[in-house]
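The following note is offered to a colleague who wishes to review the charged contacts and the strand arrangement. The points are numbered for ease of reply.

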Amino acid sequence: MTEKALRLGTRRSKLAMAQSGQVADAVSQVTGRPVELVEITTYGDTSREHLAQIGGTGVFVAALRDALLRGEVDFAVHSLKDLPTAQHEGLVVAAVPEREDPRDVVVARDERKLTDLPDGARIGTGAPRRMAQLNAYARAHGVEIETVPIRGNVDTRIGYVRSGELDAVVLAAAGLNRVGRIDEVTDFLSVDTVLPAPGQGALAVECAADNASLIAALAELDDPFTRVAVTAERSLLAALEAGCSAPVGALADLLADGQTVKEMRLRGVVGTTDGSTLVQLSTTGPVPETHEAALALGRELATEMLAQGAAGLMGERAH
């Protein structure tokens, strides 16, 4: 007799369904069991408020976690950048699969790149982090831009450009990749210009902490390099005591010599949304061998950023 299907809890958006579907296929392969998607509506999906106002962190996650804790689903897939930095009692992130492209991208009219946008260009994004860095970039290059807060799914956001309401929107490359729309990108932003959100491009596969057999099965999807990188990034975010509504960017990348990974570089940025002040630092060291070492790396860089005035830049965060 065939084993009963595993139930995967997912948000209903096209992007969430696409990434959950990819994880479902991978889990089916490692467990030999069918996986069914269970669609769950979260507060973040139904609220029309801007993310910065509803506190950002966790609004897309709470309903999925509730379903896990009630046993309505066996595991859930989250965009890692939506996951609160504090560990949830009773749940465990059993796998962090290999990361997609972490960069932000521009979808602009007339196939323009960021550098080609006209003076006074209106650029849509829902993230204070992107606003801070885009405005800092504009100031540094003597150009005028207006960042416009937007929400909505990929279709809605790109629709603002297609209708002519905005000159460009900034989105995550990973999301466009997962929904098969990467060919609409007109510019891939260098991480030197805009550092992504901590954990951007990575997924978290979460299940109940007492489900040992499922944890073991899901662990096969884990990519250890992605895990140490996002652990360091999220540790930086936690140490800056910033919810995801705060303008914090972070990226840990692995520096390789040929085929051998030698070191990990962690970069962090925090700024005012108008881009007038940015604190941007990086640190490079051996690739962390343990979860604790990855946490320590993030904390150390956060401490240096706080010493350089980062604390004063985060007054906008929700208390």
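1. Aspartate 74 is buried, since its relative accessible area is 19% and burial is assigned under 20%. Please bear in mind throughout that the model is predicted.

2. Aspartate 74 has a charged partner: a salt bridge connects this residue to arginine 7, with 3.2 Å between the closest N and O atoms. The two residues belong to distant parts of the chain, 67 residues apart. Aspartate 74 sits in the loop between helix H3 (62–69) and strand E3 (75–79), whereas arginine 7 belongs to strand E1 (residues 6–10). Arginine 7 counts as partly exposed, at 25% relative accessibility.

3. This contact belongs to a wider set, as a search of the whole structure finds 22 salt bridges. Another of them is formed by the side chains of aspartate 110 and arginine 109, at 4.0 Å from N to O. Here aspartate 110 is exposed, with a relative accessible area of 56%, while arginine 109 is partly exposed at 35%.

4. A further salt bridge pairs glutamate 146 with arginine 122, the closest N and O atoms lying 3.3 Å apart. Because glutamate 146 is in strand E7 (residues 145–148) and arginine 122 in strand E6 (residues 121–124), the pair ties together parts that are 24 residues apart in sequence. Both partners are partly exposed: glutamate 146 has a relative accessibility of 39%, and arginine 122 has a relative accessible area of 29%.

5. Some salt bridges share partners, and in this way Lys14, Asp155, Arg162, Arg181 and Glu184 are joined into one network.

6. Turning to the strands, an open sheet is formed by five of them, in the order E2-E1-E3-E10-E4, with mixed pairing. Strand E2 (35–39) and strand E4 (91–95) each have a single partner strand and stand at the edges, so one side of each is left without a neighbour in the sheet. On average, neighbouring strands of this sheet are turned by 35 degrees against each other, direction ignored.

7. At one edge, E4 and strand E10 (residues 203–208) run antiparallel and are joined by four bridges. Alanine 95 stands opposite valine 205 in E10.

8. Which strands does H3 touch as it packs on the sheet? The helix touches E1, E3, E4 and E10, and its direction makes about 165 degrees with that of E3. H3 and E3 are also the two elements that flank the loop holding aspartate 74, whose partner arginine 7 lies in E1.

Conventions:
Residues are numbered from 1 along each chain as its sequence is written. This is a predicted model: local features need pLDDT of at least 70, side-chain atom pairs count only at pLDDT 80 or more; totals for chains, interfaces and linings use all residues. Side-chain values use heavy atoms; hydrogens and water are left out. Buried means under 20% relative accessible area, exposed over 50%, partly exposed in between (1.4 Å probe, protein chains only). Two strands pair if DSSP finds at least two bridges between them. Axes are lines fitted to C-alpha atoms, for helices over the stretch in contact, and angles run from 0 to 180 degrees between N-to-C directions. Contact means heavy atoms within 4.5 Å.
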